[in-house]
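I set aside this session to go through the structure and to write down what I looked up, entry by entry. The notes begin with the charged pairs.

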Amino acid sequence: MRQAGRYMSEYRRIREKYGLLEMFKTPEIAAEVTLQPIHAFAVDAAILFADILLPLEAMGLSLEFVEGEGPVLRNPVRSLKEAEALLIPDPEESLGYVLETLRLVRREIDGKVPLIGFAGAPFTLAGYAIEGGGSRSFALTKRVMYEHRETWEVLMQRVTETVTTFLLKQAAAGAQVVQLFDSWVGCLSPSDYGQYVQPYSQMIFNRLAHEGIPAIHFGTGTGDLLPSMSAAGGDVIGADWRIWIDDAWSRAGGDRGIQGNLDPAVLLASWPVVEKKAAEILDRVRGRSGHIFNLGHGILPQTPVDNVKRLADFVHEHTGDSHRNH
Ligand code: CP3
């Protein structure tokens, strides 16, 4: 959950010199940032440094990361004509920098830890494309979903096709597992998820499973959606902290792995609190195989690095895992 980022001084030193898009698009820089957490902490995997919104740019939307505001897309998709104008990019051409980053990182870390690739899920990407940025209510998105069926279908189909091809290429470039981020899908009712979203996410997971590519399915605020998300697919289902981890696991199904679910804000507290909350999660899964300890969502920029380091070590000690020497 944002392994790299502003909480790390190594990251901030690079970030001072470059724009965010420039960092994503320069494979040497993106590879270096991907590796920073691997050098600093005993984490068990590396996650590609890129962003879920990059494919929207490749589809023809203008993407900017505005300081203090987050991502902005200045030409949002709200009509059928705008949806039909979206391109289905060839990832080698317009997202080649991401594939090159994966190749560089894989060369560096092969044999040490696995490398995770990722993409945004159709709903979360369609949400950004329609709203033109982040949103609290996703009111515009839901309006298109309910009232403009054809626009919704064209947009979701194009995003689905783009993401599917992109993830297959990421696996070919060296990602050993891919994560589909449906970060904002928790704003939907189970009924709407089943009707408007699940079939698209399912197409992506079916294809990945067919190609033998392991996949993680992540969302937040998804308590009551977990059975449907699990039905859509993913070998591992992500859960945020708004649900007990063992409850999330039974909702996702015992045949899946579970990822989660420490509240990232816990890392702002003093170490004894972090330790207690992490132990609580580990005690609830009772060492059962198939649990990936993680934060429930993205790490906060003000997080003390020492807590992250101690947390990674603590999880290994607690689970009796022999962790990497570094
Ligand atoms: O975890 C990692 O180190 C991998 C890199 C990564 C980034 N974005 C880099 C990034 C990953 C996996 C993402 C995914 C992503 N991006 C998601 C899905 C995961 C989630 O958090 O729900 C979403 C919704 C986005 C969209 C996005 N990108 C937003 C809303 C923002 C602004 C966030 C903020 O706190 O300002 C970004 C920018 C972004 N992407 C940053 C990073 C490290 C912040 C970087 C900076 O300003 O220097």
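Entry 1, salt bridges. I started with Glu211, whose side chain forms a salt bridge with Arg207, the closest N and O atoms lying 3.3 Å apart. I kept in mind throughout that this is a predicted model. For accessibility I noted that Glu211 is partly exposed, with a relative accessible area of 40%, and that Arg207, at 37%, counts as partly exposed too.

I then turned to Asp224, which forms a salt bridge with Arg251 at 3.1 Å between the closest N and O atoms. This pair links distant parts of the chain, since Asp224 sits in the loop between strand 6 (215-219) and helix 12 (226-232), while Arg251 belongs to helix 13 (residues 245-252), 27 residues apart. I recorded Asp224 as exposed because its relative accessible area is 58%, whereas Arg251, at 29%, counts as partly exposed. After this pair I looked for salt bridges that share partners, and found Glu92, Glu100, Arg103 and Lys169 joined into one network.

Within that group I looked up Arg103 and Glu100, whose side chains meet in a salt bridge with an N to O distance of 3.1 Å. Both residues lie in helix 7 (residues 96-109), three residues apart, which is about one turn of the helix. Arg103 is partly exposed at a relative accessible area of 30%, and Glu100 is partly exposed at 27%. For the structure as a whole I wrote down 14 salt bridges.

Entry 2, a residue of helix 7 without charge. I stayed in helix 7 to look up Leu102, which has its place there. Is Leu102 buried or exposed? I entered Leu102 as buried, because its relative accessible area is 0%. Leaving aside residues up to four places away in sequence, Leu102 touches Leu48, Leu115, Gln170, Ala173 and Ala175. Of these contacts I followed Gln170 further: Leu102 and Gln170 are 68 residues apart in sequence, yet their C-alpha atoms are 7.2 Å apart in space.

Entry 3, a buried acid. I next checked Glu131, which is found in helix 8 (residues 122-131). Which side chain of opposite charge is nearest to Glu131, and how far away is it? It is Arg78, at 5.8 Å, and Glu131 is buried yet has no salt bridge. I checked that distance against the cut-off, because a salt bridge requires the side-chain nitrogen to be within 4 Å of a carboxyl oxygen. A polar atom of the Glu131 side chain does, however, lie 3.3 Å from the backbone nitrogen of Leu140. Residues up to four places away in sequence not being counted, Glu131 touches Arg78, Phe138, Ala139, Leu140 and Thr141.

Entry 4, the ligand. Which residues come nearest to the ligand? I counted 23 residues around the ligand, of which Arg2, Arg6, Arg15, Ser183 and His297 come nearest. For Arg15, a polar side-chain atom lies 2.6 Å from an oxygen atom of the ligand. For Ser183, an N or O atom of the side chain is 2.4 Å from a ligand oxygen atom. I also noted a backbone atom, an N or O of Ala50, which lies 3.5 Å from a nitrogen atom of the ligand. Taken alone, the ligand exposes 880 Å², and the protein buries 88% of that.

Entry 5, backbone geometry. I came back to Arg2 for its backbone, which has a positive phi of about 55° although the residue is not a glycine. Arg2 lies in the segment before helix 1 (9-15), and at 55% relative accessibility it counts as exposed. Phi is positive at Arg286 too, near 45°, again in a residue other than glycine. I located Arg286 in the loop between helix 14 (271-285) and strand 9 (291-295), and at 72% relative accessibility I entered Arg286 as exposed.

Last, I looked up the peptide bond from Gly260 to Asn261, which is cis, with omega near -10°. Asn261 has its place in strand 8 (residues 257-262).

Note on methods
Residues are numbered from 1 along each chain as its sequence is written. This is a predicted model: local features need pLDDT of at least 70, side-chain atom pairs count only at pLDDT 80 or more; totals for chains, interfaces and linings use all residues. Side-chain values use heavy atoms; hydrogens and water are left out. Helices (H or I, at least four residues) and strands (E, at least two) are DSSP runs, numbered from the N terminus. Buried means under 20% relative accessible area, exposed over 50%, partly exposed in between (1.4 Å probe, protein chains only). Lys and Arg count as positive and Asp and Glu as negative; His and the chain ends are not counted. A polar contact is a pair of N or O atoms within 3.5 Å; within protein, one must be able to donate a hydrogen and the other to accept it, and residues adjacent in sequence count only if both atoms are side-chain atoms. Contact means heavy atoms within 4.5 Å. A residue is near a molecule or strand if one of its heavy atoms lies within 4 Å of it. Accessible areas come from the Shrake-Rupley method with a 1.4 Å probe; for residues, only the protein chains shown count as cover.
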